[in-house]
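Welcome, and please have your viewer open with the selection tool at hand. We will go from stop to stop, and at each one you will hear what to select and what is there.

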Amino acid sequence: MKKLHSLISEQKEDAKHGASFFPIQKYITSFSPEYPVLTTHWHEEAEFTLILSGTGTYHIELTEYGIGPEDLIFIPPLALHSASAPEGLSLLSETYVFHMNYLGGNSTDICSTKYLQPLAHHEMVLPSVIKPGHPSYLSLRKIFGQISNLYQGENPGYELALKALLLQMIFLLLQFKETAPAFDGANAAHSEKLKTVLDYLELHYMDAITVSGLAGLCYFSEYHFMRFFKKHMNMTCMEYLINLRLEKAVELLEDENASILEVSLSVGFHNLSYFHRAFKKKYHMTPGEFLQMKKSNATVP
């Protein structure tokens, strides 16, 4: 049986989605008052999602969508996207992240050259949010249920069936495709600048980071950059950096031999008291309590 993942803790673009020979991974994402946001990210894979319960907001390529129970969401490869639940409320979703190569996107046949590659390169636009009233909804919802049932891998040849279902999903969405909109230089530039900043933070989160340095990556003034970042990320760049450092700290604390001081320093917190306060604010426990919880869970038979 495959390992079940949560996108709340695996939201970075270098996360591994399935295996190289079977590049599809199921995620259950639970948004709660403690973890209300899946921050803006992107990856080479596409996503097919069902909202199981709750309401919230998705941002896909800088466009905002309101979502609710039973909505279906398709996100193409390399698209910037994020999700959030309203303050104090919950949101639960089931997602299948898959590489287009699994469907034959790297082949040279007509299916790849006419449909899969243009989709991966954003040369065509498919519906992003499919609500129950959409003409294709009932068929797509049935496909999602079949994917969910087959994913556990109990049936011989389930890999073939999953591929067929994902191709059928794309076929149905293609009936409502649009030609890629005329090149919007400003919007494309904003998307690329945001990706540049997020890439930089992913590589240098442990270093001393300044607003002026990040603004310089975008050739913005500090004031313009701060407004730009908060508009598209729903948080300041420093809030994002702290959140990223704390997520990296949790990954390091998973090591049973982890030293809290060493973890704090290695992720960029050079004030141990501040690290404790920030960690407790996000996770509602201190780093020491987190380690103790892990130790207790490890001893449960």
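A salt bridge, for this tour, is a side-chain nitrogen of Lys or Arg within 4 Å of a carboxyl oxygen of Asp or Glu. Keep in mind that you are looking at a predicted model.

**Stop 1: salt bridges**

By that rule, the structure has 4 salt bridges. Select Lys131 and Asp71 to begin: their closest N and O atoms are 2.6 Å apart, and the two residues form a salt bridge. Lys131 sits in the loop between strand S10 (129-130) and H2, while Asp71 belongs to the loop between S5 and S6, so this pair ties together parts that are 60 residues apart in sequence. Colour the two by accessibility and you will find Lys131 partly exposed, at a relative accessible area of 37%, whereas Asp71 is buried at 3%.

Now select Arg141 and Glu70, another salt bridge, with 2.8 Å between the closest N and O atoms. This pair also links distant parts of the chain, with Arg141 in helix H2 and Glu70 in the loop between strand S5 (63-67) and S6, 71 residues apart. Arg141 is partly exposed, with a relative accessible area of 25%, and Glu70 is partly exposed at 30%.

Next, pick Lys26 and Glu94, whose side chains meet in a salt bridge at 3.7 Å, N to O. Lys26 is in strand S1 and Glu94 in strand S8, so the pair ties together parts that are 68 residues apart in sequence. Are these partners buried or exposed? Lys26 counts as buried at 10% relative accessibility, and Glu94 counts as buried at 8%.

**Stop 2: Gln25 and the tyrosines**

Stay on strand S1 (residues 24-31) and select Gln25, which is found there. Gln25 is buried, with a relative accessible area of 8%. Show its side chain together with that of Tyr151: a polar contact of 3.5 Å joins the two.

Tyr151 leads us to the rings, for the structure holds 13 aromatic pairs. Add Tyr96 to the selection: the ring centres of Tyr96 and Tyr151 are 5.5 Å apart and their planes stand at 65°, so the pair is edge-to-face. Tyr96 lies in strand S8 and Tyr151 in the loop between helix H2 (137-150) and H3, so this pair ties together parts that are 55 residues apart in sequence. Tyr96 is buried at 0% relative accessibility, and Tyr151 is buried at 2%.

Then jump to Phe275 and Phe279, which also form an edge-to-face aromatic pair, 5.8 Å centre to centre with 65° between the planes. Both lie in helix H9 (residues 272-283), 4 residues apart, about one turn of the helix. An α-helix has 3.6 residues a turn, so residues three or four places apart point the same way. Phe275 counts as buried at 0% relative accessibility, and so does Phe279, at 0%. Widen the selection to Phe269, Tyr274, Phe275, Phe279, Tyr283 and Phe290, and you have a cluster linked by ring pairs.

**Stop 3: a nonpolar patch**

Switch to a surface view and select Leu261, Leu265 and Leu272. These form a nonpolar patch on the surface, with about 240 Å² of accessible area together. Leu261 is found in helix H8 (residues 260-266) and is partly exposed, at a relative accessible area of 46%.

**Stop 4: helix H1 and its surroundings**

Go back to the cartoon and select residues 110-120, which make up helix H1. Which of its residues are buried? They are Ser112, Leu116, Pro118, Leu119 and Ala120. Show their surroundings too, since the buried residues of H1 pack against strand S6 (72-75), strand S9 (124-125) and helix H3 (158-174).

At the N-terminal end of H1, select Asp109, which caps the helix with a side-chain oxygen 3.2 Å from the backbone nitrogen of Cys111. Just after H1, His122 takes a positive phi of about 60°.

Finish with Gly105, in the loop between strand S8 (91-98) and H1. Gly105 is buried, with a relative accessible area of 11%. Beyond its neighbours within four places in sequence, Gly105 is in contact with Met100, Ser112, Leu116 and Gln117. Draw a last distance from Gly105 to Pro118: the two are 13 residues apart in sequence and 9.7 Å apart in space, C-alpha to C-alpha.

How values were computed: Residues are numbered from 1 along each chain as its sequence is written. This is a predicted model: local features need pLDDT of at least 70, side-chain atom pairs count only at pLDDT 80 or more; totals for chains, interfaces and linings use all residues. Side-chain values use heavy atoms; hydrogens and water are left out. Buried means under 20% relative accessible area, exposed over 50%, partly exposed in between (1.4 Å probe, protein chains only). Helices (H or I, at least four residues) and strands (E, at least two) are DSSP runs, numbered from the N terminus. Contact means heavy atoms within 4.5 Å. A polar contact is a pair of N or O atoms within 3.5 Å; within protein, one must be able to donate a hydrogen and the other to accept it, and residues adjacent in sequence count only if both atoms are side-chain atoms. Patches are made of residues with over 30% relative accessible area and no salt bridge: like charges are joined within 9 Å, nonpolar side chains (Val, Leu, Ile, Met, Phe, Trp, Tyr) within 5 Å. Accessible areas come from the Shrake-Rupley method with a 1.4 Å probe; for residues, only the protein chains shown count as cover. Rings of Phe, Tyr and Trp (its six-membered ring) pair if their centres lie within 6.5 Å; planes under 30 degrees apart count as stacked, over 60 as edge-to-face and the rest as tilted.
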